[in-house]
Amino acid sequence: MTTDNAPVRFDTKIAVLLREDLETWQRLNVTAFLVSGLGPEVPEVIGEPYADADGTAYLPMFRQPVLVFEGTKETLTAAHGRALSRSLPRSVFTSDLFATGNDRDNRAAVRAVAKDRLDLVGLAVYGPRNGVDKVLKGARMHP
């Protein structure tokens, strides 16, 4: 028997992995950029629009929590490889993107570097819980 107050358990996971040496502002910025790509590519992660008691409308958000992890540069590189091998939806943020100021230059900066040579500072991934957990092996929850 379930009740309306029972916690919702998702069979999928949205996770962000950040390189541990980022400044606070970089962590926040990278996280926001990384998760922004999920909604258009994986529309089922988006819930219904919000409204307050006065009927003021607000944009929809993810229907489930975003878990944030951190790890070393090596942890990030390994996670990237595992995400690719599992063909999970993913987004990347490289150190080069801190020096650009627009979407066109961001995409060009990533396109200029082979996948095995990307200087990753962040990775977002979505998929089945167990698959995402395997991708994040070696990472720890963000404090």
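A residue counts as buried when its relative accessible area is under 20%, as exposed when that area is over 50%, and as partly exposed in between. By this standard R19, at 12% relative accessibility, is buried. The structure described here is a predicted model. It holds 9 salt bridges, and this briefing covers several of them, followed by a nonpolar surface patch and a backbone feature.

**Salt bridges between distant parts of the sequence**

- K13 pairs with D133 in a salt bridge whose closest N and O atoms are 2.3 Å apart.
- Because K13 belongs to strand β1 (residues 12-19) and D133 to helix α5 (residues 129-135), this pair ties together parts that are 120 residues apart in sequence.
- K13 is buried, since its relative accessibility is 7%, whereas D133 is partly exposed at 38%.
- D119 and R19 form a further salt bridge, with 2.8 Å between the closest N and O atoms.
- D119 lies in the loop between α4 (103-111) and β6 (120-128) and R19 lies in strand β1, so the bridge links parts that are 100 residues apart in sequence.
- The relative accessible area of D119 is 26%, and this residue therefore counts as partly exposed; its partner R19 is buried at 12%.

**A salt bridge within one helix**

- The side chains of D103 and R107 meet in a salt bridge, at an N to O distance of 3.1 Å.
- Both D103 and R107 are in helix α4, where they stand 4 residues apart, about one turn of the helix.
- R107 has a relative accessible area of 44% and is therefore partly exposed.

**A salt-bridge network**

- R19, D21, K73 and D119 are joined into one network by salt bridges that share partners.

**Nonpolar surface patch**

- Y50, Y58 and M61 make a nonpolar surface patch of about 330 Å².
- Among these residues, Y58 is found in strand β3 (residues 57-58).
- Y58 is partly exposed, because its relative accessibility is 42%.

**Backbone feature at S87**

- S87 has a phi angle near 55°, which is a positive value in a residue other than glycine.
- The position of S87 is in the loop between α3 (73-85) and β5 (90-94).
- With a relative accessible area of 58%, S87 counts as exposed.

Technical notes:
Residues are numbered from 1 along each chain as its sequence is written. This is a predicted model: local features need pLDDT of at least 70, side-chain atom pairs count only at pLDDT 80 or more; totals for chains, interfaces and linings use all residues. Side-chain values use heavy atoms; hydrogens and water are left out. Patches are made of residues with over 30% relative accessible area and no salt bridge: like charges are joined within 9 Å, nonpolar side chains (Val, Leu, Ile, Met, Phe, Trp, Tyr) within 5 Å. Accessible areas come from the Shrake-Rupley method with a 1.4 Å probe; for residues, only the protein chains shown count as cover. A salt bridge is a side-chain nitrogen of Lys or Arg within 4 Å of a carboxyl oxygen of Asp or Glu. Helices (H or I, at least four residues) and strands (E, at least two) are DSSP runs, numbered from the N terminus. Buried means under 20% relative accessible area, exposed over 50%, partly exposed in between (1.4 Å probe, protein chains only).
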